[in-house]
Amino acid sequence: MIDYLVTIVLMAGIYAIFSFGLQLEWGYTGLLNFGHVGFMAIGAYTTVLLGTSGVPLFLSVLAGIALAGIMGALLGVPTLRLREDYLAITTIGFSEIVRFILHNEEWLTNGSIGMGGFPRPFDALIGARDYELFLMAMVLIVVFSLYLIQEHLIGSPWGRALKSIRDDEGVSASLGKNVFSYKVQSLVLGSMMAAAAGSILAFYMQFINPTTFMPIETFYAWIIIMVGGSGSNRGVLLGAILFQLFFSGTRFVQGYLPLEPTQVGALRVMVIGLALIVLMIHRPQGILGKKEELSLER
Amino acid sequence: MRDEILKVGGVSKSFGGMTAVADCSLAMVEGEISGLIGPNGAGKSTLFEMITGDLIPDSGSIHFLGKSIVGLPSFRIARMGLVRTFQIPRALNKMTVLENMMLATQNQEGEKIWNVFLRPRAVRREEERTRDRALALLEFFSLGTMADEYAGALSGGQKKLLAMARTLMADPKMLLLDEPFAGVNPTLSKRLLGHIKELREGGVTFLIIEHGIPYVKELCDTVFVMNKGEIMTSGTPEEVTSDERVLEAYLGGMDDAH
């Protein structure tokens with residue numbers, strides 16, 4: 001039972017870190033990123049590849065985060081001057097390109113077979129039995145710090161500029177704000193958070209392959225934000241917990257339903273879809289979102 | 001003789017063969033209020049948007065405070081002190097009235113992400129100053145009680161006041177107002193009129209697109225009249241409103257519409 005709880009908290013935490021990035025981009029800047037998972041993959045693979053080749057783990061995690069940030073900038077610079085829907089198209093393409101590269105460059109990534117048996121931080125020191133507990137503690141620390149950092153950022157003049165871009169970037173520009181620069185900064189920071197989530201995910205799963213980073217992961221983050229409330233950091237926490245409870249809860253159902261595992265998987269997605277529809281009808285701003293931020297459209 | 005603050009020299013702009021603005025020149029002196037009038041489709045807004053950097057002219061020059069601003073992005077032009085409002089007031093609806101105001105302050109330390117982390121105390125002090133100034137200005141514009149409301153909850157007229165107050169937070173040297181009185185009730189209009197005059201006393205230069213001739217007469221030192229993409233005449237409000245050609249342009253414009 002404890003193990004089970006640890007798993008839920010761990011996974012909810014990883015998804016929360018992942019979703020914080022998207023919340024910054026969408027919830028506060030209005031950027032439509034449909035390829036968030038690509039940055040998670042970059043973080044995970046960089047950490048694992050550097051870790052296996054003997055780079056200190058702390059550095060390999062940082063390298064993954066940095067590389068994701070650089071990729072965010074490279075992706076943002078040509079696309080963020082365009083209309084927002086172009087960003088959505090480009091990012092979803094980007095995340096698929098990342099996945100295909102990981103799939104095809106077998107010399108580097110082992111292709112679809114994936115990579116396992118890589119070192120984890122304090123592996124020898126803690127031992128396999130308590131490792132998940134340790135990882136959970138680490139994740140909680142990261143989630144909590146990230147929450148504080150994000151709140152601090154959003155409450156600052158920097159965050160105010162982001163929110164103004166979300167509302168009406170023409171107004172921000174007319175008041176002397178460098179809209180493009182803020183958008184790039186938001187995408188870079190958001191991507192770095194996704195990469196951090198990717199590194200931790202790799203440490204937890206002890207095995208990664210390209211299918212770990214399917215586009216659906218991006219939309220899990222979207223679900224978390226929509227359920228929790230866009231423009232709410234507490235919403236990210238709540239959304240991630242609910243999402244994880246739902247996902248693991250449906251595993252229990254398995255035994256009681258005359259369904260194949262794949263059918264349960266399909267049912268799960270159907271229930272999520274239904275729940276989202278009901279939510280959008282009755283509480284479109286999400287559980288912790290602010291109603292005014294939806295109803296006061298121009 | 002005071003200095004020319006804005007000088008537009010022979011700018012033209014066409015959209016796919018349709019000439020919107022043709023060889024327009026105008027100059028504005030610091031501390032003056034200039035009006036830009038003309039029938040619908042005369043090219044006023046196009047000219048306006050070339051000055052604000054939202055459109056790039058096909059040819060011609062625009063100088064603000066002696067520096068060429070052609071091709072500069074609009075946010076850079078705003079930072080130089082040339083700030084605009086929009087015809088339909090664009091409040092940042094999902095932000096509070098106070099946030100709308102505080103956003104507009106230029107060169108805030110806290111707008112740089114590293115300062116947010118590395119110099120939190122300096123940023124906090126700066127925020128207090130910005131907030132005090134914003135609240136004082138809101139009070140001046142009789143929006144003080146609305147400070148913590150979402151801007152989206154304001155009436156159309158209040159949004160126009162907010163837009164005006166917000167531009168002042170940016171310490172503009174010159175304001176471009178796009179139909180500031182359109183859709184504003186008489187009481188608010190009177191207040192807006194007073195605010196503009198007070199700001200002029202404070203040294204702010206204005207260029208105002210306005211259809212309401214009484215406001216133009218009341219406010220403007222110089223009026224530029226546009227018709228069919230050209231500046232057909234300019235002069236004091238009395239001169240241009242008694243000009244036969246101006247009347248004809250307005251009436252002729254109406255003929256075209258029928």
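In what order do the four strands of the open sheet in chain B run? The order is E2-E1-E4-E5, and the pairing is antiparallel.

Before going on, the ground rules. This is a predicted model: local features need pLDDT of at least 70, side-chain atom pairs count only at pLDDT 80 or more, and totals for chains, interfaces and linings use all residues. Residues are numbered from 1 along each chain as its sequence is written, while chains are lettered from A and ligands numbered from 1 in the order in which they are written.

Helices (H or I, at least four residues) and strands (E, at least two) are DSSP runs, numbered from the N terminus. Two strands pair if DSSP finds at least two bridges between them.

Back to that sheet. Strand E2 (18–29) and strand E5 (67–68) of chain B are at its edges. Each has a single partner strand, so one side of each lacks a neighbour in the sheet. E5(B) is joined to strand E4 (residues 59–64) of chain B by two bridges, and the two run antiparallel. Opposite B:Ser68 in E5(B) stands B:His63.

Now the other sheet in chain B. Six strands make this open sheet, in the order E6-E7-E8-E3-E9-E10, with mixed pairing. E6 and strand E10 (230–235) of chain B take the edges. Again, each has a single partner strand, so one side of each is left without a neighbour. From one strand to the next, the twist averages 20°.

E6(B) pairs with strand E7 (residues 174–178) of chain B in the parallel sense, over three bridges. B:Val83 has B:Leu175 as its bridge partner in E7(B).

A helix lies across this sheet. Helix H1 (residues 44–52) of chain B crosses E3, E6, E7, E8 and E9 of chain B, and runs at about 150° to E7(B). For angles, axes are lines fitted to C-alpha atoms, for helices over the stretch in contact, and the values run from 0 to 180 degrees between N-to-C directions.

On to chain A, and two helix pairs. Packed helices are described by the angle between their axes and the distance between the axes.

First pair: helix H2 (residues 36–52) and helix H9 (residues 179–205) of chain A. Their axes are 7 Å apart, at an angle of about 50°. H2(A) and H9(A) are therefore oblique (under 35 degrees is roughly parallel, over 145 roughly antiparallel, 65 to 115 roughly perpendicular, the rest oblique). Their crossing is right-handed (the near helix is turned clockwise from the far one by less than a right angle). Among the contact residues are A:Phe39 and A:Ala44 of H2(A), and A:Ala195 and A:Leu201 of H9(A). Contact here means C-beta atoms, placed from the backbone, within 7 Å. The residues divide into 12 nonpolar, six polar and no charged. Nonpolar covers Ala, Val, Leu, Ile, Met, Phe, Trp, Tyr, Cys and Pro; charged covers Asp, Glu, Lys and Arg; the others, Gly among them, are polar.

Second pair: helix H1 (residues 2–28) and helix H11 (residues 233–253) of chain A. The axes come within 8 Å and cross at roughly 135°. H1(A) and H11(A) are therefore oblique to each other. This crossing is right-handed. The contact includes A:Tyr15 and A:Phe20 of H1(A), with A:Leu237 and A:Phe243 of H11(A). It divides into 12 nonpolar, six polar and no charged residues.

Last, where the chains meet. Chain B brings 28 residues to the contact and chain A brings 26 residues. On the side of chain B that touches chain A, H2(B) gives the most, with four residues. That side has 14 nonpolar, six polar and eight charged residues.

Conventions. Two residues are in contact if their C-beta atoms, placed from the backbone, lie within 7 Å.
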